[in-house]
Structure formats: structure tokens, C-alpha cells
Amino acid sequence: MLKEKWDMIIAFPPCTYFTTAGACRMFHKVEGVSILDEERYANAMKMKALFLAIYEADCPYICIENPTPMKVVGLPPHSQVIQPYQFGHPWSKRTLLWLKGLPPLKATCVVEPTMGSWVNGSADAYKKANGKHNGKSSAIERSKTFEGIARAMAEQWAGKNV
């Protein structure tokens with residue numbers, strides 16, 4: 001798909017193997033020494049290749065959204081850090097944007113992050129209390145892109161000469 005010509009790319013590539021949240025799986029201790037998990041590292045490098053293919057695509061406007069990557073993966077520097085509470089949602093979920101040809105996303109409705117971290121358990125508590133969930137959240141639920149952020153991307157970037 002990246003060989004086709006696109007007006008804009010907004011990508012959400014899988015982050016399972018390179019997010020800092022997975023650092024505890026990338027390295028394990030053996031007799032007090034941190035050892036790199038070679039298989040997991042190889043998978044991280046495959047995901048890095050996909051990330052870079054998107055980032056280097058022949059397209060004037062590119063946004064890649066992902067959480068904070070581990071330094072060992074070596075992704076390029078991000079352009080912006082955003083939070084759901086900057087776009088009308090009472091959650092925190094530190095999200096990085098890598099931007100090419102696009103201006104930084106502007107906050108649209110800043111609210112207090114009263115619900116805590118989306119990734120670190122508050123989403124589970126919310127769903128359980130509302131009868132919508134039983135147990136740990138899935139990777140799909142943790143990777144949620146909040147509607148307010150998606151709306152800001154569409155309103156601020158789509159159909160304009162950014």
C-alpha cells in the first residue's frame with residue numbers, strides 16, 4: 001500500500017514489541033544481569049522497519065501515532081506529545097506523534113484527567129464498574145485512539161493546505 005500515492009497518511013502501527021510498556025519483556029534478569037530477549041528484539045526490528053517505511057513514504061503529509069518507544073529500538077525523534085484530556089476525555093494516555101508536513105495538533109477541549117491512566121488499570125476499573133468488562137483490558141482496548149483526538153486530526157488536517 002505504501003507504493004501507492006497518498007494525499008495524507010495517518011498511521012497507527014503496532015507497538016507491541018517496541019513500547020516502553022513492554023520493556024519488562026524485552027529484557028529479563030539472569031543472575032542479576034539484564035539479558036536482551038533476541039526473539040522479541042527481532043520482532044521489534046520488524047515493527048521498526050514498518051514504522052520507517054510509513055515515515056519515509058512518498059507522501060507530503062504523514063502522522064504516525066504510537067506510545068513512547070524503548071531507546072533500544074532507535075526510532076526517530078517524535079514531533080509532539082498529546083494526551084486524551086487535551087481533547088475532551090478525562091483520561092491520561094501519553095501518546096507521541098511523528099509528523100511530516102503537518103503542523104502540531106492543537107488541543108480542542110482541555111479537561112482534568114480525573115479518570116487516571118487509560119493504560120495502567122483505570123480503564124479496567126471504569127469498565128468493570130459499568131458492567132462492560134471483566135478482567136484485564138486487551139491490547140486492542142489499551143491501544144484505543146480517543147474520538148476527540150481523531151476528530152481534531154480530521155478537522156485540523158483534512159482537506160486543508162496544511
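Phenylalanine 18 has a relative accessibility of 0% in this predicted model, and because buried residues are those under 20%, phenylalanine 18 counts as buried. The relative accessible area of phenylalanine 51 is also 0%, so that residue is buried as well. The rings of phenylalanine 51 and tryptophan 98 have centres 5.0 Å apart and planes at 80°, and the pair is therefore edge-to-face, given that planes over 60 degrees apart are classed in this way. This pair joins distant parts of the chain, since phenylalanine 51 belongs to helix α2 and tryptophan 98 to strand β6 (residues 95-100), with their positions 47 residues apart in sequence. Tryptophan 98, like phenylalanine 51, is buried.

The structure holds five aromatic pairs. In one of them, the ring centres of phenylalanine 18 and phenylalanine 51 lie 6.3 Å apart with the ring planes at 90°, so this pair is edge-to-face. Phenylalanine 18 is placed in the loop between β1 (9-11) and α1 (23-26), whereas phenylalanine 51 is placed in helix α2 (residues 38-55), so the pair ties together parts of the chain that are 33 residues apart in sequence. Through ring pairs, Phe18, Phe51, Tyr55 and Trp98 are linked into a cluster. A charged side chain is also found beside this cluster's tyrosine, as lysine 100 lies over the face of tyrosine 55, at 4.7 Å from the ring centre.

The surroundings of phenylalanine 51 extend beyond its ring partners. When residues up to four places away in sequence are not counted, phenylalanine 51 touches Pro13, Phe18, Ile64, Leu75, Pro76 and Trp98. Phenylalanine 51 and Trp98 are also found, together with Ile9, Ile62 and Ile64, among the residues with the most contacts inside the largest nonpolar core, which has 17 residues. At least two residues of this core are supplied by each of β1, α2, β4 (62-66) and β6, and the element that gives the most is α2, with four residues. A second core, separate from this one, has 14 residues, including Leu97, Leu105, Trp118 and Met153.

At the level of the whole chain, five helices and six strands are present, and from the N terminus on these elements follow the order β-α-β-β-α-β-β-β-α-α-α. The protein chain has 162 residues, of which 33% count as buried. Among the contacts with a separation of 6 or more, 67% are made by residues 24 or more positions apart. The accessible surface of the protein chain comes to about 9700 Å², and carbon and sulfur atoms account for 55% of that surface.

Several residues outside the aromatic cluster were also examined. Glutamate 31, located in the loop between β2 (27-30) and β3 (33-36), has a phi near 50°, which is a positive value in a residue other than glycine. Most residues other than glycine have a negative phi. The relative accessible area of glutamate 31 is 83%, so this residue is exposed. Histidine 89 is likewise placed in a loop, here the one between β5 and β6, but its relative accessibility of 19% means that histidine 89 counts as buried, because the limit for burial is set at under 20%. Its contacts, not counting residues up to four places away in sequence, are with Pro84, Val111, Phe146, Glu147 and Gly148.

Helix α2, which contains phenylalanine 51, also contains lysine 46 and glutamate 39. Lysine 46 is exposed, with a relative accessible area of 56%, and its C-alpha lies 9.1 Å from that of tyrosine 17, although the two residues are 29 residues apart in sequence. Glutamate 39 counts as exposed at 62% relative accessibility, and its C-alpha lies 8.9 Å from that of methionine 26, with the two residues 13 residues apart in sequence.

The confidence of the prediction varies along the chain. The average pLDDT is 85, and 86% of the residues score at least 70. Among the elements, strand β5 (residues 80-82) has the highest mean pLDDT, at 97, and helix α3 (residues 118-129) the lowest, at 58. Where pLDDT is low, the predicted coordinates should not be read in detail.

Conventions. Residues numbered from 1 in each chain as written. Heavy atoms only, no water. Phe/Tyr/Trp six-rings, centres within 6.5 Å; stacked < 30°, edge-to-face > 60°. Buried < 20%, exposed > 50% of the residue type's maximum accessible area, 1.4 Å probe, protein only. Lys NZ or Arg CZ within 6 Å of the ring centre and 35° of its normal. Contact = heavy atoms within 4.5 Å. Areas by Shrake-Rupley, 256 points an atom, 1.4 Å probe, with all protein chains shown as cover. pLDDT = per-residue confidence, 0-100. Core = buried A, V, L, I, M, F, W, Y, C linked by side-chain atoms within 4.5 Å.
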